[in-house]
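Hi,

Here is the structure I promised to pass along. Have a look, and then read on for what turned up in it.

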Amino acid sequence: MKQKPSMAFIAASWVAVFAGILGFIIGLWNATTMQLNEKGYYFTVLMYGLFAAVSVQKCVRDRIEGIPVTDIYYALSWVSMLLTILLLTIGLWNATLAPSEKGFYAFAFLLSVFGAITVQKNTRDSQAAKVSSPVSKEGVSSDF
């Protein structure tokens, strides 16, 4: 039987993803010296990074569980994740921001990506726990 993640871990994962996204977006909102096109660039990199991270996690998990994943999609997921990190790095390297601001955006990005991966993992683990736990007619697990 697969074990469902604890509520504390699920909550911590959601806090991480929302803290990272919210921090990143608030940082963009308050960036008075940054032009709107720059803000759009960083926002797009964040959203693309979140999607790529979830996609990589899903591909890896599918392959572990024997669910077919095409090589092209698997490779595209990894390329996308690495590309978002590269785009953020290049953008921050060339930005006219204070080093502390650059670090803030980098760590907010990493926190949100980590949170997205763990939320995806927890969702998969919760679903697997539901499927693998046998339930009797009364709705009580037959393991007890």
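Before the count, a word on terms: helices and strands here are DSSP runs, with at least four residues for a helix and at least two for a strand, numbered from the N terminus. Also keep in mind that this is a predicted model.

On that basis the protein has 4 helices and 0 strands, so along the sequence you read α-α-α-α. Its radius of gyration is 19 Å, well over the 15 Å that the globule rule gives for 144 residues, so the protein is more spread out than a compact globule. The box that its C-alpha atoms fill, taken along the principal axes, is roughly 65 × 35 × 20 Å.

Buried residues account for 36% of the 144. The accessible surface is about 9200 Å², and carbon and sulfur atoms hold 72% of that. As for contacts between residues at least 6 apart in sequence, 71% link residues at least 24 apart.

Now for the helices. H2 covers residues 36-64, 29 residues in total, and spans 42 Å from first C-alpha to last, close to the 42 Å expected at 1.5 Å a residue. After H2 comes Gly66, with a positive phi near 80 degrees.

One more spot to look at is on the surface: Phe51, Ile72, Tyr73 and Leu76 make up a nonpolar patch with about 450 Å² of accessible area together. Helix H3 (residues 71-94) gives the largest share of the patch, 3 residues. Tyr73 sits in H3 and counts as partly exposed, because its relative accessible area is 39%, between the 20% and 50% cut-offs.

Cheers

Key
Residues are numbered from 1 along each chain as its sequence is written. This is a predicted model: local features need pLDDT of at least 70, side-chain atom pairs count only at pLDDT 80 or more; totals for chains, interfaces and linings use all residues. Side-chain values use heavy atoms; hydrogens and water are left out. The expected span of a helix is 1.5 Å times one less than its number of residues. Patches are made of residues with over 30% relative accessible area and no salt bridge: like charges are joined within 9 Å, nonpolar side chains (Val, Leu, Ile, Met, Phe, Trp, Tyr) within 5 Å. Accessible areas come from the Shrake-Rupley method with a 1.4 Å probe; for residues, only the protein chains shown count as cover. A salt bridge is a side-chain nitrogen of Lys or Arg within 4 Å of a carboxyl oxygen of Asp or Glu. Buried means under 20% relative accessible area, exposed over 50%, partly exposed in between (1.4 Å probe, protein chains only). The radius of gyration is taken over C-alpha atoms; the globule rule is 2.2 Å times the number of residues to the power 0.38. Contact means heavy atoms within 4.5 Å.
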